[in-house]
Amino acid sequence: MIATLGTGPPVPSNTIDATGAIARIFAKGDPMAAKIINLRQARKQKSRSNDMAQASENAVKFGMSKAQKHHDDLQIRLQEKHLDHAKREMPPSSDDDDIKSP
């Protein structure tokens, strides 16, 4: 004999108990078997993932990554070094040149 419970699929009558509820047998490999989790660890993992999402949003919104900052700093230092090497020094002027103006 096959019985139906609500809108679900037909259930063999030997799995229905006296109250009409389905008696599920959680066998190894049963896809409906409950997965035991540590709630504290699950809460912390969810918090970490939310924090990482917020951090990535803030990085996009407010600034550059650490690698980009390092690259920009290196480029600035290289440009300053290049300018310092190309700089010409003026010869020292003597005080006598200022006095001998025509």
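pLDDT is the predictor's confidence in each residue, from 0 to 100. The structure described here is a predicted model, and the mean pLDDT of its chain is 76. Among the elements of the chain, helix α1 has the highest mean pLDDT, 93, and strand β1 the lowest, 53. The chain has 102 residues, of which 2% are buried.

**Confidence**

- A pLDDT of 70 or more is reached by 60% of the residues in the chain.
- The element with the lowest mean pLDDT, strand β1, covers residues 2–4.
- Residues 39–62 form helix α1, the element with the highest mean value.

**Secondary structure**

- Three helices and two strands make up the secondary structure of the chain.
- Along the sequence, these elements follow the pattern β-β-α-α-α.
- Helix α2 spans residues 66–86.

**Surface and burial**

- The exposed area of the chain is about 10,100 Å².
- Carbon and sulfur atoms supply 58% of that exposed area.
- Buried residues account for 2% of the chain.

**Positive patch**

- A patch of positive charge on the surface brings together R40, R43, K44 and R48.
- One of these residues, K44, is placed in helix α1.
- K44 counts as partly exposed because its relative accessibility is 37%, a value between the cut-offs of 20% for buried and 50% for exposed.

**Salt bridge**

- One salt bridge is found in a search of the whole structure.
- D73 and R77 form a salt bridge through their side chains, with an N to O distance of 3.3 Å.
- Both D73 and R77 belong to helix α2, where they lie four residues apart, about one turn of the helix.
- D73 has a relative accessible area of 36% and is therefore partly exposed.
- R77 has a relative accessibility of 45%, so this residue also counts as partly exposed.

Methods: Residues are numbered from 1 along each chain as its sequence is written. This is a predicted model: local features need pLDDT of at least 70, side-chain atom pairs count only at pLDDT 80 or more; totals for chains, interfaces and linings use all residues. Side-chain values use heavy atoms; hydrogens and water are left out. Buried means under 20% relative accessible area, exposed over 50%, partly exposed in between (1.4 Å probe, protein chains only). Accessible areas come from the Shrake-Rupley method with a 1.4 Å probe; for residues, only the protein chains shown count as cover. Patches are made of residues with over 30% relative accessible area and no salt bridge: like charges are joined within 9 Å, nonpolar side chains (Val, Leu, Ile, Met, Phe, Trp, Tyr) within 5 Å. A salt bridge is a side-chain nitrogen of Lys or Arg within 4 Å of a carboxyl oxygen of Asp or Glu. Lys and Arg count as positive and Asp and Glu as negative; His and the chain ends are not counted. The place of a charge is taken as NZ of Lys, CZ of Arg, CG of Asp or CD of Glu.
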